[in-house]
Amino acid sequence: MQPAFCIPSAAKMPMLDYRHTTPATVTVRLVFLARLREAFGRSEESLTVTGSPPTVGAVLALLRARDGVWARELGVGRAFRVAVNHAVAAEHSTVRDADEVALLPPVTGG
Amino acid sequence: MPIRIDTADFDVGREIDALRAGDPRVGAVAAFVGTVRDVNDAAAISTMTLEHYPGMTEKALAAIVDEARARFDILDALVIHRVGELRPIDQIVFVAVTSGHRGDAFDACRFIMDFLKIRAPFWKKEVTADGARWVDARESDDAAAAQWEPDGTARR
């Protein structure tokens, strides 16, 4: 019978990257575009976020905790994207010090 | 310069001439021009303001053009997108593709437009008699881009 889990031998242990397990605090530059810029009444701000590692999700959690228009615009089911340094990112994407984290409403160009 | 974001208008003839100038391999040029309609969602439009996210816009468009080059047998491509205040009848966007033959030129031109619509960070704000409003994204644009993907979905 196969064990439900097993402890791998030392030789098979993956290298642990402690940068991703030790809590880190970083300061990112938030950028708000189009409708979100108008809703939040600002085009950018600095935000300090802590995590192991700090992620896009942690940034969003801090913003949602401001309640009011922040919680409404960034709530579950609202359509928006996050870009980190100009590339679309996921909730679990890591953010690093001085990253530019942009909140983008659904695009309507063309 | 294959990608241009500009407040100024563009001359379609001149742009096409420049794109295919001196290249005898070109046998086909496909081009698309998007213009401002005077009506959207049953409201009359007086002006429209287009904004974008400088830095990301150029990267997003370059990635779309690169993908078109990988998928289709094309020689060159040009994307021009205007920003700032526009009025009905104004030109907004221009995509032109050169190729040896028309099939790849048509396909690549349409592919670039379909993904520009869902991936390039531009936003339109319309002014109507009831005031200004941000234009909503359309599901039909997602469906158009999704047609190019084997699994039938295209992530914004």
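Which residue stands opposite Thr128(B) in E10(B)? It's Gly131(B). Keep that pair in mind, and I'll walk you outward from there.

Some housekeeping. This is a predicted model, where local features need pLDDT of at least 70, side-chain atom pairs count only at pLDDT 80 or more, and totals for chains, interfaces and linings use all residues. Residues are numbered from 1 along each chain as its sequence is written, while chains are lettered from A and ligands numbered from 1 in the order in which they are written.

Okay, the strands. When I say helix or strand, I mean a DSSP run, numbered from the N terminus: H or I with at least four residues for a helix, E with at least two for a strand. And two strands pair if DSSP finds at least two bridges between them.

Our opening pair belongs to E9(B) and E10(B), which pair in the antiparallel sense over 4 bridges. Another of the partnerships there is Val127(B) with Ala132(B). The link from E9(B) to E10(B) is a hairpin through 2 residues.

Zoom out, and you find an open sheet of 4 strands in chain B, ordered E7-E5-E9-E10, with antiparallel pairing. Its edge strands are E7 (84-86) and E10 (131-134) of chain B, each pairing on one side only. From one strand to the next, the twist averages 25 degrees.

Now the other sheet. Chain B has an open sheet of 4 strands in the order E1-E6-E8-E2, and here the pairing is mixed. E1 (3-6) and E2 (28-35) of chain B are at the edges with a single partner strand each, so one side of each has no neighbour in the sheet. In this sheet the twist averages 10 degrees from one strand to the next.

Within it, E6 (residues 74-82) and E8 (residues 91-99) of chain B run antiparallel and are joined by 7 bridges. If you want a spot to click on, Leu78(B) stands opposite Ala96(B) in E8(B). Helix H1 (residues 12-20) of chain B packs on this sheet, touching E2, E6 and E8 of chain B, and its direction makes about 25 degrees with that of E8(B). For contacts, the rule is C-beta atoms, placed from the backbone, within 7 Å. For angles, axes are lines fitted to C-alpha atoms, for helices over the stretch in contact, and values run from 0 to 180 degrees between N-to-C directions.

On to the helices, and mainly H3(B). H2(B) and H3(B) pack at about 150 degrees with their axes 10 Å apart. That makes H2(B) roughly antiparallel to H3(B); the cut-offs are under 35 degrees for roughly parallel, over 145 for roughly antiparallel, 65 to 115 for roughly perpendicular, and oblique for the rest. The H2(B)–H3(B) crossing is right-handed, meaning the near helix is turned clockwise from the far one by less than a right angle, with anticlockwise being left-handed. Residues meeting there include Leu61(B) and Ile64(B) from H2(B), and Phe111(B) and Ile112(B) from H3(B). By type, the contact has 10 nonpolar, no polar and 2 charged residues. In this count Ala, Val, Leu, Ile, Met, Phe, Trp, Tyr, Cys and Pro are nonpolar, Asp, Glu, Lys and Arg are charged, and the others, Gly among them, are polar.

H3(B) also meets H4 (residues 139-146) of chain B: the axes come within 9 Å and cross at roughly 135 degrees. That makes H3(B) oblique to H4(B), and the crossing is left-handed. Phe115(B) of H3(B) and Ala144(B) of H4(B) are among the residues making the contact. Here the split is 4 nonpolar, no polar and 4 charged.

One residue to look at in H3 (residues 102-119) of chain B is Asp107(B). Is Asp107(B) buried or exposed? Partly exposed, because 19 other C-beta atoms lie within 10 Å; buried takes 20 or more, exposed 12 or fewer, and partly exposed is in between, with C-beta atoms placed from the backbone. Asp107(B) is 34 residues from Asp73(B) in sequence, with the C-alpha atoms 9.7 Å apart.

Last stop, the chain partner. 22 residues of chain B are in contact with 14 residues of chain A. H3(B) gives the largest share of the chain B side, 4 residues. That side divides into 14 nonpolar, 3 polar and 5 charged. Chain A itself has 3 helices and 5 strands, and buried residues make up 29% of its 110 residues.

How values were computed: Contact = placed C-beta atoms within 7 Å.
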